[in-house]
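This report describes the fold, the core and a few selected residues of a single protein chain.

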Amino acid sequence: MTSAVKGPAGYFPSIEKKYGRPVAEWKDLIRTSPLTQHMELVHWLKAEHGLGHGHANALVAHTLAEDAGK
């Protein structure tokens with residue numbers, strides 16, 4: 001039995017399905033953005049790419065944690 005993915009990564013399947021782009025592509029966009037603050041990136045994804053708040057927040061949180069080595 002496989003346990004369910006928890007935390008921000010739990011949103012990834014629905015993000016890929018809803019927006020038609022792989023999570024890796026969203027992470028690349030976040031990493032190449034000139035913005036660095038969590039909420040700045042969330043607002044940017046919402047305004048420029050039409051993501052919902054929860055999806056944008058999950059992508060940013062996971063990407064920044066990954067880059068911080070957490």
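The sections below go from the overall fold to the core and then to individual positions.

## Basis and overall fold

The model discussed here is predicted. The secondary structure of the protein chain consists of four helices and zero strands, and along the sequence these elements follow the pattern α-α-α-α.

The protein chain has 70 residues and a radius of gyration of 12 Å, which agrees with the value near 11 Å that a compact globule of this length would have. Along the principal axes, the C-alpha atoms of the protein chain fill a box of roughly 40 × 30 × 20 Å. Among the contacts in the protein chain with a separation of 6 or more, 48% are accounted for by residues 24 or more positions apart.

## Surface and charge

About 4500 Å² of the protein chain is exposed, and carbon and sulfur atoms supply 56% of that area. Of the 70 residues in the protein chain, 27% are buried. The protein chain carries 8 positive and 7 negative charges, and the mean positions of these two sets lie 9 Å apart.

## The nonpolar core

The largest nonpolar core comprises 14 residues, of which W26, L45, L51 and L59 touch the most other members. Each of the helices α1 (12–19), α2 (23–32), α3 (38–49) and α4 (53–67) supplies at least two residues of this core.

L45 has its place in helix α3. L45 counts as buried because its relative accessible area is 0%, which falls under the 20% cut-off for that class. When residues up to four places away in sequence are not counted, L45 touches W26, I30, G50, L51, A56 and V60. Between L45 and F12, which are 33 residues apart in sequence, the C-alpha to C-alpha distance is 15 Å.

L51, another of the core residues that touch the most other members, is in contact with Y19, W26, L45, K46, A56 and L59 once its neighbours within four places in sequence are left aside. W26 and A56 thus appear in the contact list of L51, and W26 and A56 also appear in that of L45.

## Partly exposed positions on helix α4

Three residues of helix α4 are taken up here: G54, N57 and E66. G54 is partly exposed, with a relative accessible area of 31%. In sequence G54 and I15 are 39 residues apart, while in space their C-alpha atoms are 9.8 Å apart.

N57 counts as partly exposed because its relative accessibility is 28%, a value that lies between the 20% and 50% cut-offs. Apart from residues up to four places away in sequence, N57 touches H38 and V42. The C-alpha atoms of N57 and H38 are separated by 8.0 Å, although the two residues are 19 residues apart along the chain.

E66 also counts as partly exposed, at 37% relative accessibility. With residues up to four places away in sequence not counted, E66 touches K27 and R31. E66 and K6 are 60 residues apart along the chain, and their C-alpha atoms are separated by 15 Å.

## Summary

In this predicted model, four helices and zero strands make up the secondary structure of the protein chain, and every one of α1, α2, α3 and α4 supplies at least two residues of the largest nonpolar core. Within that core, L45 is buried at 0% relative accessible area, whereas on helix α4 the residue E66 is partly exposed at 37%.

Methods. Residues numbered from 1 in each chain as written. Predicted model: local features only at pLDDT ≥ 70, side-chain atom pairs only at ≥ 80, totals over all residues. Heavy atoms only, no water. Rg over C-alpha atoms; globule rule 2.2 N^0.38 Å. Buried < 20%, exposed > 50% of the residue type's maximum accessible area, 1.4 Å probe, protein only. Contact = heavy atoms within 4.5 Å. Areas by Shrake-Rupley, 256 points an atom, 1.4 Å probe, with all protein chains shown as cover. Lys, Arg positive; Asp, Glu negative; His and termini not counted. Charge placed at Lys NZ, Arg CZ, Asp CG, Glu CD. Core = buried A, V, L, I, M, F, W, Y, C linked by side-chain atoms within 4.5 Å.
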